[in-house]
Amino acid sequence: MENLITDYRLSTKEKYELLLSQLESLILKGDNKISSLANLSAALKQSFDKISWVGFYIYENQKLWLGPFQGKVACTSIDIGKGVCGKAAELIQTIIVPDVNKFPGHIFCDSDSKSEIVVPLIKEKKLFGVLDVDSNQYNSFDEVDKHYLEKVCTFLMNRIN
Ligand code: SME
């Protein structure tokens, strides 16, 4: 698949539905893991104008390491329990941050970032990493984003090797 269909006029729910319907052909069983993560970060960035940064941190040697992403350069590694990413990984729980200034310990990788959502990635009952999505506007993410991003992440974990 080389062309993703997107439409900024759709509602958030419709945008996710459109994206999900195309993931079947974007991420194939047997594809290289890094290629799949790279294309999924691009697909999310392309689908939503509210996203300023989106990418993966991958769990290795007790830390989260920067993986494929779209946006400005970011921190190379994050300790478990630190920042929104480390907290989501520690708690194995999606975290929505409506205002990053109000999240104790938030790691400022990008000074433009105002709100954020982080979804933990679990593969075969083990922590694989997290998906981090940032916006340069406050209150960009809600329960609809949580619902669909978790769905997208579950799909991804089932597809990759
Ligand atoms: N803000 C994140 C760090 C990663 S960057 O935003 C890309 C955090 O607090 O974990």
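Trainee: Which kind of ligand atom lies 3.0 Å from a backbone N or O atom of valine 84?

Mentor: An oxygen atom of the ligand. A pair of N or O atoms within 3.5 Å is called a polar contact. One caution first: this is a predicted model, where local features need pLDDT of at least 70 and side-chain atom pairs count only at pLDDT 80 or more, while totals for chains, interfaces and linings use all residues. Residues are numbered from 1 along each chain as its sequence is written, and side-chain values use heavy atoms, with hydrogens and water left out.

Trainee: What do the side chains of glutamate 116 and aspartate 132 add?

Mentor: Glutamate 116 places a side-chain N or O atom 3.1 Å from a nitrogen atom of the ligand. For aspartate 132, a polar side-chain atom is 3.4 Å from a ligand oxygen atom. The ligand taken alone exposes 300 Å², and the protein buries 99% of that (accessible areas by Shrake-Rupley, 1.4 Å probe).

Trainee: Which residues come nearest the ligand?

Mentor: Val84, Cys85, Ile107, Glu116 and Asp134, out of 13 residues around the ligand (a heavy atom within 4 Å). This shell divides into eight nonpolar, two polar and three charged residues; Cys and Tyr count as nonpolar here, and Gly as polar. Helix H3 gives the shell its largest share, three residues.

Trainee: How should I read a cavity, and where does the ligand sit?

Mentor: Rolling a probe the size of a water molecule over the atoms shows where empty space is left. Here a cavity is a set of points on a 1 Å grid over the protein atoms alone where a 1.4 Å probe fits but cannot get out, and lining residues have an atom within 4 Å of a point. The ligand sits in the largest cavity (more than half of its atoms within 2 Å of the grid points). About 170 Å³ of space lies in that cavity, the volume being what probe spheres set on the points fill.

Trainee: What lines the largest cavity?

Mentor: There are 19 lining residues, and Ile107, Cys109, Glu116, Asp132 and Asp134 lie nearest the centre. Ten are nonpolar, three polar and six charged. Strand S1 (53–60), helix H3 (83–91) and strand S6 (126–135) each supply at least two lining residues (DSSP runs, at least four residues for a helix and two for a strand).

Trainee: How many cavities of 30 Å³ or more are there?

Mentor: Two. The second largest has a volume of about 40 Å³. Ile5, Thr6, Asp7, Lys15, Leu18, Leu19 and Ser47 line this second cavity, and helix H1 (residues 12–26) gives the largest share, three residues. By class, the second lining has three nonpolar, two polar and two charged residues.

Notes: 1 Å grid on protein atoms, 1.4 Å probe; cavity = no way out; pocket = protein on both sides within 12 Å on 5 of 7 lines; lining within 4 Å. Polar contact = N/O pair within 3.5 Å; in protein donor to acceptor, adjacent residues only side chain to side chain.
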